[in-house]
Amino acid sequence: MLGFILAFNFLIAAWFYSSAREIGKNKILWFFIGLLTCFFLGILFLKFGELYILPLETGVSDVFRDRHIKTYLEIATMVLISGYAYMLKSIFLSKKKSKIQF
C-alpha cells in the first residue's frame, strides 16, 4: 500500500506540473507544492485518523484485526487529498474563462 500512496502523491504533483505548464506558471514550484501538500496532508490525516478513529491496539492480534480498517482509512485519506488537490487546481491553475462566447 505504501507504493500506491507514493505513486498517488507523484501523480498529483505531475497533475499540478502539467496544469502549471499549460497556463504558463512556474512548473517546478507547482510540482513541489502538489507533492508537499499531498505528503503533509496525508501524514496529518492519517495520524489524526489513527488517534481518533482506529481503536487502541494492545497486542499483535489487534494489529491484524484492524488491518482492514487502516486500509479503509488510507483510501479515505487519498480521496480527501484528491478533492483538496482538485480544489487547489481549479482555483489557482485553471484558465479564466471568458463570460462572452463568440
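**A buried lysine, aromatic pairs and a nonpolar patch in a four-helix chain**

Lys89 is buried but forms no salt bridge; Glu22, the nearest side chain of opposite charge, lies 6.1 Å away. The structure is a predicted model. Because a salt bridge requires a side-chain nitrogen of Lys or Arg within 4 Å of a carboxyl oxygen of Asp or Glu, the 6.1 Å between Lys89 and Glu22 does not qualify. Lys89 is placed in helix α4, which spans residues 67–92. When residues up to four places away in sequence are left out, the contacts of Lys89 are Trp15, Phe16, Ser19 and Ser94.

Two of these contacts, Trp15 and Phe16, also belong to a cluster in which ring pairs link Trp15, Phe16, Trp30, Tyr86 and Phe92. The model contains eight aromatic pairs. In one of them, the ring centres of Phe16 and Trp30 are 6.1 Å apart and the planes are at 55°, so the pair is tilted. This pair joins distant parts of the chain, with Phe16 in helix α1 (residues 2–23) and Trp30 in helix α2, 14 residues apart. Both Phe16 and Trp30 are buried.

Phe39 and Phe40 form an edge-to-face aromatic pair, with 5.5 Å from centre to centre and 70° between the planes. Phe39 is located in helix α2, which covers residues 27–52. With a relative accessible area of 39%, Phe39 is classed as partly exposed, because that class lies between the buried limit of 20% and the exposed limit of 50%. Phe39 and Phe40 are also among the residues of a nonpolar surface patch of about 570 Å², together with Ile28, Phe32, Leu36 and Ile43. Membership of such a patch requires over 30% relative accessible area, and the 39% of Phe39 therefore satisfies this condition.

Helix α4 holds two further residues of note, Thr77 and Leu80. Thr77 counts as buried because its relative accessibility is 4%, whereas Leu80 is exposed, with a relative accessible area of 52%. Contacts of Thr77, not counting residues up to four places away in sequence, are made with Gly42, Phe45 and Leu46. Phe45 also enters the description of Leu80: the C-alpha atoms of Leu80 and Phe45 are separated by 8.9 Å, although the two residues are 35 residues apart along the chain.

At the level of the whole chain, the secondary structure consists of four helices and zero strands, and the order of elements from the N terminus is α-α-α-α. The chain has 102 residues, of which 27% count as buried. Among contacts with a separation of 6 or more, 65% are between residues 24 or more positions apart. The area exposed by the chain is about 7600 Å², and 71% of this is supplied by carbon and sulfur atoms.

Note on methods: Residues are numbered from 1 along each chain as its sequence is written. This is a predicted model: local features need pLDDT of at least 70, side-chain atom pairs count only at pLDDT 80 or more; totals for chains, interfaces and linings use all residues. Side-chain values use heavy atoms; hydrogens and water are left out. Patches are made of residues with over 30% relative accessible area and no salt bridge: like charges are joined within 9 Å, nonpolar side chains (Val, Leu, Ile, Met, Phe, Trp, Tyr) within 5 Å. Accessible areas come from the Shrake-Rupley method with a 1.4 Å probe; for residues, only the protein chains shown count as cover. Helices (H or I, at least four residues) and strands (E, at least two) are DSSP runs, numbered from the N terminus. Buried means under 20% relative accessible area, exposed over 50%, partly exposed in between (1.4 Å probe, protein chains only). Lys and Arg count as positive and Asp and Glu as negative; His and the chain ends are not counted. Contact means heavy atoms within 4.5 Å. Rings of Phe, Tyr and Trp (its six-membered ring) pair if their centres lie within 6.5 Å; planes under 30 degrees apart count as stacked, over 60 as edge-to-face and the rest as tilted.
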